[in-house]
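Hello,

Here is the structure I promised to pass on to you. Please have a look at it first, and then read my notes below.

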Amino acid sequence: MVTVHNFSYGLLNPVLGYAVSCLGAFLGLRCITRARAYAGFDRARWLCLAAISVGAAGIWAMHFIAMLGFTIPGQQILYNVPLTIASMLIAIAVVGVGLFIVGFGDGGLRPLITGGVIVGIGVASMHYMGMAAMIMPDSVHYNMPLFVLSVVIAIVAGTAALWAGTRVRSTRATIVASLIMGVAVSGMHYTGMAAMRVSMGSMAAMSGSTAVSFLVPLLVGITIVTFAVTLVISLSPTEDEIHEDARLRDRLATDFSADKPGSQPPQPAAPQPAWPPSAWQPPAPSQPAAPQPAPAQPAAPLPTRHPSAGAFTGRARIPRGPGRWRQPD
């Protein structure tokens, strides 16, 4: 048997791995709480973000942060790059499948158990695929009871994560659930590492990438993705705000329907004539107004006949003096 060290740097790797696992679980649960408030494509979008958070950060990143503390004295451990990336994609995929089964299920016990088993077996597969990605001259085998126990822990942790996603609502409850999930993921990892047995081998030619040249940049990339998911969650409305907006829209729609049943929202309309629409005819084009005749002048009063005047000639007489009249020119 070959002596191995899982804590080459003391508590740095397990504590950092646990913190990253809790952070990924917390972000994933906050995404799930928002997914519950939506339906259709919007729910699927939030569930995908939750799968990335839990699968990549909460499970895979924790696994390989802990693996950075795994050493074999006198040997260099390399990693198979395609197999390591495949293990990360498997973690994201199985968590996503479990979340979709529960997220679009009927809320019963059967979808929860089915999703939990799929997530647990997938997480265990990710762990042991990551172990198989290590390239070293020695051979590796596993203690079967501890191997089975690690798989059972993974299934219980997956089921608990899905159950928490359907139940927790407040931030405090999410933090508590994240801490418990971090313990479960870390416990599964170190149980699997305890099941590992390394025997002397004779493999000579090895090709792969070192942890510093491959895993560290990959973990930095996952950290950036985690930060981006954190921004998305912090800038999005909470589950209560989403429900409140939905209730407000429903109330406005109900009030509008009660006022005008069967009608569409009001649209700006052209002015309607005051008379009945059936009798309405388009007005004739306007014509310039005809000039109005000047107002009639009051007629001059007819002259009265003076007793001393002669026959009336139709023209007024103008008096010249007492008793004397003349005709106007």
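**What I found**

Let me begin with a stretch to treat with care: over residues 306-314 the pLDDT (the predictor's confidence in each residue, from 0 to 100) stays under 50, and the model has 9 contacts (heavy atoms within 4.5 Å) beyond four places in sequence for this stretch. Residues 268-283 also stay under 50, with 3 contacts beyond four places in sequence. For the protein, the mean pLDDT is 79, and 76% of the residues reach 70 or more.

A word on the basis: this is a predicted model, in which local features need pLDDT of at least 70 and side-chain atom pairs count only at pLDDT 80 or more, while totals for chains, interfaces and linings use all residues. Residues are numbered from 1 along each chain as its sequence is written, and side-chain values use heavy atoms, with hydrogens and water left out.

Now to the inside. The largest nonpolar core (buried Ala, Val, Leu, Ile, Met, Phe, Trp, Tyr and Cys residues joined through side-chain atoms within 4.5 Å; buried means under 20% relative accessible area, exposed over 50%, partly exposed in between, with a 1.4 Å probe and protein chains only) has 60 residues, and Tyr 79 and Met 134 touch the most other members. Among the elements that each supply at least two residues are helix 1 (12-36), helix 3 (81-103) and strand 4 (196-199); helices (H or I, at least four residues) and strands (E, at least two) are DSSP runs numbered from the N terminus. Helix 2 gives the largest share, 14 residues. Beyond four places in sequence, Met 134 is in contact with Tyr 79 itself, and also with Met 67, Phe 70, Ile 77, Leu 78 and Met 196.

There are 2 salt bridges (a side-chain nitrogen of Lys or Arg within 4 Å of a carboxyl oxygen of Asp or Glu). One joins Asp 42 and Arg 45 at 3.6 Å, N to O; these residues lie 3 apart in helix 2 (residues 41-67), so about one helical turn separates them. In the other, the closest N and O atoms of Arg 247 and Glu 244 are 2.8 Å apart. This pair is also 3 residues apart, in helix 8 (residues 239-259). Arg 247 is partly exposed at 46% relative accessible area, and Glu 244 is partly exposed at 40%.

Finally, do look at Val 148 in helix 5 (residues 144-167), which is partly exposed at 42%.

Best wishes
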